Amino acid sequence: MPDDPKNPYQGPAGGWGALAASAEIITREKAIARGSAALLRVNQKDGFDCPGCAWPDPHDHRSAFEFCENGVKAVVWESTSKRVDAAFFAKHTVCELRKKSDHWLESQGRLVNPLAYDPKTDHFAPIPWSEAFETIGATLRSLDDPNQAAFYTSGRASNEAAYLYQLFVRMFGTNNLPDCSNLCHESSGVGLTQTIGIGKGTVSLADFDEADAIFVIGQNPGTNHPRMLSALQGAARRGAQIVAINPLVERGLEKFLHPQEAGAMLCNKATPIATAYLQPTIGGDLALLTGICKHILAAEDAAPGTILDHAFIDEHTTSFAEFAESVRAADWETIETQSGLRSSQIQEVADIYLQAKSVICCWAMGLTQHTHGVATIQFVVNLLLMRGNIGRPGAGACPVRGHSNVQGNRTVGINHHLPPAFGEKMEKLYDFKAPTTHGYDVVEAIKAMNDGRVRVFMALGGNLVPASPDTELTAAALEKTELAIHVATKLNRTHLVHGKQALILPCLGRTEIDQQVAGPQVVTVEDSMGDVHASEGRNAPAGEQLLSETAIVANIAAATLPPGKPDWRGFVADYATIRDHIEKVLPIFKDYNARIAEPGGFSLKNTARDREWITGTGKANFTVAAIPDLTLPPGRLRLMTIRSHDQYNTTIYGNDDRYRGIKGQRTVILLNVADIANREMAASDAVTITSFGPDGRGRQVTGFTIVPYDIPEGCAAAYFPEANPLVAIDSVAAGSNTPVSKLIEIEISRG
Ligand SMILES: Nc1nc2c(c(=O)[nH]1)N[C@H]1C(S)=C(S)[C@@H](COP(=O)(O)OP(=O)(O)OC[C@H]3O[C@@H](n4cnc5c(=O)[nH]c(N)nc54)[C@H](O)[C@@H]3O)O[C@H]1N2
Ligand SMILES: Nc1nc2c(c(=O)[nH]1)N[C@H]1C(S)=C(S)[C@@H](COP(=O)(O)OP(=O)(O)OC[C@H]3O[C@@H](n4cnc5c(=O)[nH]c(N)nc54)[C@H](O)[C@@H]3O)O[C@H]1N2
Ligand SMILES: [Mo]
């Protein structure tokens with residue numbers, strides 16, 4: 001454990017450490033035979049899509065191994081030879097299992113039988129698939145109102161499974177489709193739709209080869225999108241400026257050694273990444289972006305007509321005058337206090353922006369999971385629009401998505417708001433009346449379960465309890481359900497938090513062969529940049545009883561809905577028929593089956609990239625936002641909850657965070673040395689963290705260890721999901737209802 005405020009890990013991101021960590025997990029999970037064959041096919045044109053993250057694959061220069069250390073972990077975790085079979089569930093009561101750690105639960109291996117909870121014995125026990133489907137159908141049909149059920153999706157489901165799922169849910173009669181996006185990039189979707197008319201980023205991977213400057217804001221690609229480092233490395237090597245904006249100095253943004261470059265590896269030659277690194281205070285980005293825009297306007301005033309792209313602004317945007325006026329009116333004192341940065345530091349970054357012909361801005365959870373996340377993202381758009389940096393090569397907005405198909409899920413209809421045109425097309429094709437009222441998102445679904453409005457909860461993947469805010473409340477809410485249905489690959493905490501009845505339905509993973517009547521099936525996924533491609537598993541399934549997610553959803557639909565359209569069993573026999581239907585409902589998928597047969601797949605049309613603005617005004621909109629006053633009462637700190645290098649969301653692979661120099665522990669709080677000294681505390685002290693949400697109630701976690709760290713004064717960091725009990729359910733981002741996981745008001749005390 002580090003006792004020095006400087007990170008004791010001095011190596012680059014990637015490098016030999018990445019190779020060693022990959023080898024270690026392959027050995028530990030005994031997946032060497034299955035795993036190594038699987039790895040050779042990961043992200044290849046005829047292989048499966050890495051379940052790790054949503055970063056795209058290069059079209060032209062794909063190496064034999066298009067994966068990273070954390071992709072290896074994700075693939076091996078799924079390909080493990082361990083099993084949680086009938087004997088395992090006979091041995092352990094649910095009460096006993098609830099006492100185990102999240103890491104222990106998932107590391108017991110793959111689920112292989114459909115299971116039902118038996119309250120008399122407190123055990124899960126195997127049941128036949130037919131019984132599971134009948135129970136679900138009968139329970140759903142017995143509800144007074146379809147809105148008494150909620151259907152969650154974690155972003156790993158394929159387009160095919162996700163399309164059938166939302167179709168089933170809407171034909172059942174509800175839009176209650178909460179999904180992991182609500183906890184993740186919802187602020188990006190909302191912010192971008194209002195300003196540029198599409199809730200997605202506008203860049204493609206090729207733009208990284210042409211950008212003169214790349215801003216990486218509130219994102220830790222070294223851990224969460226390691227393949228992005230190859231793109232940043234390429235850009236840095238050709239002299240592009242890379243600006244990192246993050247309260248922490250993340251190693252992957254500093255230097256990178258590509259584990260697949262033999263020459264560089266042999267002489268340990270890492271590439272420096274960021275040319276400028278700003279460490280704002282947590283939540284200070286809106287102030288900082290206002291400051292950057294203010295410097296740019298000042299440069300324009302000093303040399304009128306030379307800085308802004310007036311032709312673009314006039315032809316393509318609205319509300320520039322209001323935006324400029326509000327930025328000019330913002331005072332430097334507020335900008336400096338609220339961002340924690342000096343005007344001169346902000347000027348340096350504004351100059352990089354000005355000197356670049358083409359700029360890409362990337363961001364992730366450091367911007368979205370904030371009270372003012374939507375406004376901050378809209379300020380990123382303002383910055384880009386000022387110099388026409390949207391819709392031309394080397395430039396654009398790049399929200400870097402999380403789950404490997406979270407973007408595809410939304411495209412094919414996983415959305416608690418039903419887009420009207422999409423709804424009408426489905427109504428015509430399947431001859432039904434789609435529900436029009438908005439459904440529940442994750443926060444609303446938790447509240448609805450808690451007060452009895454939702455009685456049945458289904459999850460297509462994911463781990464709702466530890467992933468959600470207010471862990472105890474979320475667990476209590478789930479315990480009130482009459483039936484919970486979990487489609488999953490591995491046992492996790494949420495499965496054990498049962499109400500009256502609970503079912504666990506084991507499914508195939510991405511890496512596995514999906515054999516149906518028409519032969520082995522491919523599924524399709526959409527990456528963070530709107531490229532759609534096929535994914536085909538190559539491993540033998542982990543168990544004989546496993547069904548694909550697509551088959552599980554279709555069987556549930558057939559067991560629940562009256563007979564008639566569509567032919568659910570026909571869909572399962574041949575997934576190409578599902579793609580034909582998606583194409584009928586969503587014209588952007590024209591020639592879907594033919595185009596996924598092309599190596600590398602195809603790119604979906606992106607209106608903003610083509611400078612077509614599907615907004616109310618028909619133009620891209622500049623927006624105005626006041627700098628929020630985030631001053632805290634004395635003694636309080638702002639806490640962000642972040643991922644370590646050894647986890648995939650709630651899946652914990654191990655207790656190390658190599659790039660941050662933290663070993664063997666996860667219940668830590670990273671603090672500035674001054675904040676530790678002020679409290680007369682010391683490194684390694686045990687503390688209780690108390691948070692204060694909008695309801696003023698103190699929420700607590702105890703037994704956290706202090707780690708001194710290079711983090712701005714007044715700021716703190718702890719890991720997700722251990723710190724989730726501190727996130728109040730009512731602390732949400734304005735406009736997107738995303739839980740505020742990155743700005744939690746806390747106090748610490750001994751104990
Ligand atoms: N290996 C691995 N890969 C993953 C995941 C995983 O858990 N493990 N999760 C996947 C998912 S679902 C997602 S959404 C992505 C998440 O990818 P990231 O968004 O990179 O994940 P976080 O760890 O939440 O990191 C947020 C970063 O934002 C910074 N930050 C926090 N608050 C602020 C702020 O106020 N301002 C600024 N400028 N920065 C801030 C933190 O210091 C941290 O570096 O990764 C995906 N990929
Ligand atoms: N405090 C705090 N909370 C957060 C965040 C944060 O930064 N801070 N981040 C939020 C974000 S960005 C996200 S996306 C959510 C993530 O929330 P979720 O998506 O709900 O959680 P995961 O941990 O990704 O889900 C892991 C489980 O998925 C199942 N699984 C894995 N692969 C498959 C598969 O192929 N099919 C099926 N059916 N199941 C599978 C396994 O059973 C595994 O236990 O958490 C959010 N919560
Ligand atoms: Mo996410």
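A polar contact is a pair of N or O atoms within 3.5 Å; within protein, one atom must be able to donate a hydrogen and the other to accept it, and residues adjacent in sequence count only if both atoms are side-chain atoms. The model is predicted, so local features need pLDDT of at least 70 and side-chain atom pairs count only at pLDDT 80 or more, while totals for chains, interfaces and linings use all residues. Residues are numbered from 1 along each chain as its sequence is written, chains are lettered from A and ligands numbered from 1 in the order in which they are written, and side-chain values use heavy atoms, with hydrogens and water left out.

**View 1. Polar contacts of ligand 2.** The side chain of Glu106 places an N or O atom 2.7 Å from an oxygen atom of ligand 2. Asn724 does so with a nitrogen atom of ligand 2, at 2.7 Å. For Lys742, the side-chain N or O atom is 3.1 Å from an oxygen atom of ligand 2. On its own, ligand 2 has 930 Å² of accessible area, and the protein covers 97% of it. Accessible areas come from the Shrake-Rupley method with a 1.4 Å probe; for residues, only the protein chains shown count as cover.

**View 2. The shell around ligand 2.** There are 30 residues around ligand 2, and Glu106, Tyr152, Ala467, Glu549 and Thr650 come nearest. A residue is near a molecule or strand if one of its heavy atoms lies within 4 Å of it. The shell holds 11 nonpolar, 13 polar and six charged residues. Domain 1 (83–182 + 405–599) and domain 3 (637–750) each give at least three residues to this shell. Domain bounds come from an automatic or database domain assignment.

**View 3. Ligand 1 and its surroundings.** Of the 30 residues around ligand 1, Asn246, Glu250, Gly283, Asp285 and Asn649 come nearest. Asn246 has a side-chain N or O atom 2.7 Å from an oxygen atom of ligand 1. His370 brings a polar side-chain atom to 2.8 Å from an oxygen atom of the ligand. Lys742 also has a polar side-chain atom 2.8 Å from an oxygen atom of ligand 1. The protein covers 99% of the 920 Å² that ligand 1 has on its own. Two or more shell residues come from each of α10 (221–224), α19 (365–368), β24 (637–642) and β25 (647–648). Helices (H or I, at least four residues) and strands (E, at least two) are DSSP runs, numbered from the N terminus. Domain 2 (186–399) and domain 3 (637–750) each supply at least three residues.

**View 4. Two aromatic pairs.** Rings of Phe, Tyr and Trp (its six-membered ring) pair if their centres lie within 6.5 Å; planes under 30 degrees apart count as stacked, over 60 as edge-to-face and the rest as tilted. The count comes to 22 aromatic pairs. Trp77 and Tyr653 have ring centres 5.2 Å apart and planes at 80 degrees, so the pair is edge-to-face. Trp77 sits in helix α3 (residues 69–79), and Tyr653 lies 576 residues away in the loop between β26 (651–652) and β27 (668–671). Both are buried (under 20% relative accessible area, 1.4 Å probe, protein chains only). Phe151 and Phe172 are also edge-to-face, at 6.2 Å and 75 degrees. Phe151 is in strand β6 (residues 149–153) and Phe172 in helix α8 (residues 159–172).

**View 5. Gln219.** Gln219 lies in the loop between β7 (213–217) and α10. Its relative accessible area is 3%, so Gln219 is buried. The side chains of Gln219 and His225 share a polar contact of 3.4 Å.

Note on methods. Nonpolar A, V, L, I, M, F, W, Y, C, P; charged D, E, K, R; others polar. Buried < 20%, exposed > 50% of the residue type's maximum accessible area, 1.4 Å probe, protein only.
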